[in-house]
Each structure stands twice: as C-alpha cells, then as structure tokens.
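User: Could you take a close look at the small sheet in this model and walk me through how its strands pair and what packs around them?

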Amino acid sequence: MKQATPRRQRDHAPSLSDVHIGKEAGVSGDDHQAIRLWLRLLACSTQIEREISQRLRSNFGTTLARFDYLAQLNRHPKGLRMKLLSRYLMVTGGNVTGLTDQLVSEGWVQREEDPDDRRALVVKLTPEGAVQFKKMAAEHEQWLNGLFAGLGQVEQEELYRLLGHLRSVLAQED
C-alpha cells in the first residue's frame with residue numbers, strides 16, 4: 001500500500017537553497033539592490049503570513065484578520081474606539097464594523113459607551129473572548145518560534161535590529 005505524501009511536501013515547491021532564493025520572483029543579479037531587497041522582504045512576509053493563516057484556519061477555524069483584531073483588543077484591556085481600532089489594523093471602518101458584528105454575536109467582544117464621550121463606542125474583549133484569544137496566541141507564538149528556528153538567536157536579534165532601523169528610516173520619509 002502506497003503511503004500518502006505529507007501535505008506539506010505535496011503543496012509546496014521543493015525548498016530553495018540560498019543560491020536559488022529570488023528566482024521564484026524573477027529576480028536576477030542585474031536588478032538593483034533595492035528591488036531585490038524589497039522582493040525578498042515581500043516574499044518572506046508572504047510565506048509567513050500564508051503559513052500562519054493556514055494554521056489559524058486549520059486549528060481554530062478563524063482568519064488572520066480576526067486574530068489581529070483580537071490581538072489589538074488584548075493589548076488594550078479598557079477597549080478601543082472603532083476608529084482607532086481600524087487605524088491600528090490598517091483597514092477601513094467598514095471592515096472593523098463587520099468583524100465587530102461577527103465577534104459580538106459569538107460573544108467574544110462587546111460594545112460599550114465610551115466613558116469620555118457618550119457619542120462614541122468602545123469595543124473590548126469579553127472574558128470568553130480573552131480566554132479564546134489566549135489559546136490562539138500561545139499556539140501562534142509556538143508557530144512563529146518554529147518558523148524562525150532556522151535562524152540562530154544572534155541572527156534573529158540582528159534581523160530584528162536591522163528591520164527596526166529600516167522602519168525608522170522609512171518613517172523619516174513620510
């Protein structure tokens with residue numbers, strides 16, 4: 001009887017060696033450094049996002065957008081106004097309203113009057129939402145640890161430092 005190929009091997013291209021990285025995006029040595037760097041960052045980000053999204057779907061039946069929404073509320077236990085939440089998530093107010101409606105109906109978030117402005121609403125995690133998010137967040141962290149395990153601690157710290165520096169440089173461009 002033939003053994004089934006594990007899904008990971010079946011669905012993904014063979015691993016890329018350092019020599020072949022970049023070829024998947026059509027990058028060549030003739031391209032300018034900034035183009036190669038941007039495409040490399042984009043490819044890494046896309047790969048990580050795809051993997052995390054798939055695991056959230058498989059393990060929790062949820063989306064990355066919902067996870068990010070819950071993460072923001074978890075960081076702000078007193079809640080957030082919808083407008084600020086949409087800015088943090090970098091999505092439109094309509095997207096936040098839709099997610100909020102879903103999560104309220106599931107009992108994971110609640111809307112309350114803003115104590116500082118009765119015309120505004122604040123959204124916050126319910127106790128059930130906090131419990132469910134903590135379960136997801138614990139696994140999420142393990143997944144990320146696994147995805148970055150191929151880099152040593154020193155390499156991870158250097159990459160973090162360099163990306164932080166890049167963010168600072170980009171912020172000065174704004």
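Analyst: Here's the sheet, followed by the helix packing and the confidence scores.

A quick note on the ground rules: this is a predicted model, so local features need pLDDT of at least 70, side-chain atom pairs count only at pLDDT 80 or more, and totals for chains, interfaces and linings use all residues. Residues are numbered from 1 along each chain as its sequence is written, and side-chain values use heavy atoms, with hydrogens and water left out.

The sheet is open, has three strands in the order E1-E3-E2, and its pairing is antiparallel. Helices (H or I, at least four residues) and strands (E, at least two) are DSSP runs, numbered from the N terminus, and two strands count as paired if DSSP finds at least two bridges between them. In general, strands of a sheet pair through backbone hydrogen bonds, either parallel or antiparallel. E1 and E2 are the edge strands, each pairing on one side only.

Start with E2 (residues 109-114), which pairs with E3 over six bridges in the antiparallel sense. Two of the E3 partners are leucine 125, bridged to valine 109, and lysine 124, bridged to glutamine 110. These two strands make a hairpin, with two residues between them. On the other pairing, E1 (residues 80-81) is joined to E3 (residues 117-125) by two bridges, again antiparallel. There, arginine 81 has valine 122 of E3 as its bridge partner.

Now for what packs on the sheet. H3 lies across E1, E2 and E3 and runs at about 110° to E3; axes are lines fitted to C-alpha atoms, for helices over the stretch in contact, and angles run from 0 to 180 degrees between N-to-C directions.

H3 (residues 64-75) also meets H4 (residues 82-89): their axes come within 10 Å and cross at roughly 120°. That angle makes H3 oblique to H4 (under 35 degrees is roughly parallel, over 145 roughly antiparallel, 65 to 115 roughly perpendicular, the rest oblique). The crossing of H3 and H4 is right-handed, meaning the near helix is turned clockwise from the far one by less than a right angle, while anticlockwise would be left-handed. On the H3 side, Asp68, Tyr69, Gln72 and Leu73 make the contact, and on the H4 side Leu85, Tyr88 and Leu89 do, where contact means heavy atoms within 4.5 Å. By class, that contact has five nonpolar residues, one polar and one charged; Ala, Val, Leu, Ile, Met, Phe, Trp, Tyr, Cys and Pro count as nonpolar, Asp, Glu, Lys and Arg as charged, and the others, Gly among them, as polar.

Another helix pair in the model is H2 (residues 33-60) with H6, packed at an angle of about 140° with axes 11 Å apart. H2 is therefore oblique to H6, and H2 passes H6 in a right-handed crossing.

As for trust, pLDDT is the predictor's confidence in each residue, from 0 to 100. The protein averages 86, and 83% of the residues score at least 70. Confidence is highest in H6 (residues 127-147), at a mean of 97, and lowest in H1 (residues 7-11), at 42. Over residues 1-14 the pLDDT is below 50, and this stretch has four contacts in the model beyond near neighbours in sequence.
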